[in-house]
Amino acid sequence: MHLSDVAGESEWRSAPPLDQIQSWLGVPLLAAGRVLGILSLGSSAPHVFTTEHLRLAKSLAVPAAVAIQNARTHERAEIYATELELRLHELHATQNALKNADNRSSRPLD
């Protein structure tokens, strides 16, 4: 979406930090058919962005979306790895407790 002069846009909200923007360009960040965010470019002067700016923003949006998706996937993998380590630790502790209980019960009574 390209707004060359936000003053003419009734939907534009002049709330900080957008109150300084006079020209705006926004491109959705898409990955796997989902919108992850938006690449937003603003200028304090109206009529700044050209079709070349839009083309460049679109070309940057693809790798940015992929990078965000990869970062999220990596973060989930780290969370799963941490959970797995915790479960393995609990499993080993339980196995040791069972082994110790078994050893105590198999000892002859005096």
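Of the 110 residues of the protein, 16% count as buried. Buried means under 20% relative accessible area, exposed means over 50%, and partly exposed lies in between, with a 1.4 Å probe and protein chains only. The model is a predicted one: local features need pLDDT of at least 70, side-chain atom pairs count only at pLDDT 80 or more, and totals for chains, interfaces and linings use all residues. Residues are numbered from 1 along each chain as its sequence is written, and side-chain values use heavy atoms, with hydrogens and water left out.

Start with the overall form. The C-alpha atoms fill a box of roughly 95 × 30 × 20 Å, taken along the principal axes. The radius of gyration of the protein is 28 Å, whereas a compact globule of 110 residues would have one near 13 Å. That radius is taken over C-alpha atoms, and the globule rule is 2.2 Å times the number of residues to the power 0.38. The protein exposes about 8500 Å², and carbon and sulfur atoms supply 59% of it. Accessible areas come from the Shrake-Rupley method with a 1.4 Å probe; for residues, only the protein chains shown count as cover.

Now the elements. The protein has one helix and three strands. Along the sequence they follow the pattern β-β-β-α. Helices (H or I, at least four residues) and strands (E, at least two) are DSSP runs, numbered from the N terminus.

How does the span of α1 agree with its 56 residues? At 1.5 Å a residue they should span 82 Å, and the end C-alpha atoms of α1 are 82 Å apart, so the two agree. The expected span is 1.5 Å times one less than the number of residues. At the N-terminal end of α1, Thr50 acts as a cap: one of its side-chain oxygens lies 3.2 Å from the backbone nitrogen of Glu52.

Which residues of α1 are buried? They are Ala57, Ala61, Ala65 and Gln69. Their cover includes β2 and β3 (34–43). Contact here means heavy atoms within 4.5 Å. Setting aside neighbours within four places in sequence, Ala57 touches Leu25, Val27, Leu39 and Leu41. With the same neighbours left out, Gln69 is in contact with Ala31, Leu36 and Arg76. Gln69 counts as buried because its relative accessibility is 18%.

Next, the cores. A nonpolar core is a set of buried Ala, Val, Leu, Ile, Met, Phe, Trp, Tyr and Cys residues joined through side-chain atoms within 4.5 Å. The largest one has nine residues: Leu25, Val27, Leu29, Ala31, Leu36, Phe49, Ala57, Ala61 and Ala65. Two or more of these residues come from each of β2 (23–31) and α1 (51–106). Strand β2 gives the most, with four. Another core lies apart from this one; it has five residues, among them Leu3, Val6, Trp12 and Trp24.

Finally, look at the loops. Most residues other than glycine have a negative phi. Ala32, in the loop between β2 and β3, has a positive phi near 55°. Is Ala32 buried or exposed? Ala32 counts as exposed because its relative accessibility is 78%. His47 lies in the loop between β3 and α1. Its phi is also positive, about 60°, although His47 is not a glycine. His47 is exposed too, with a relative accessible area of 55%.

Key. Polar contact = N/O pair within 3.5 Å; in protein donor to acceptor, adjacent residues only side chain to side chain.
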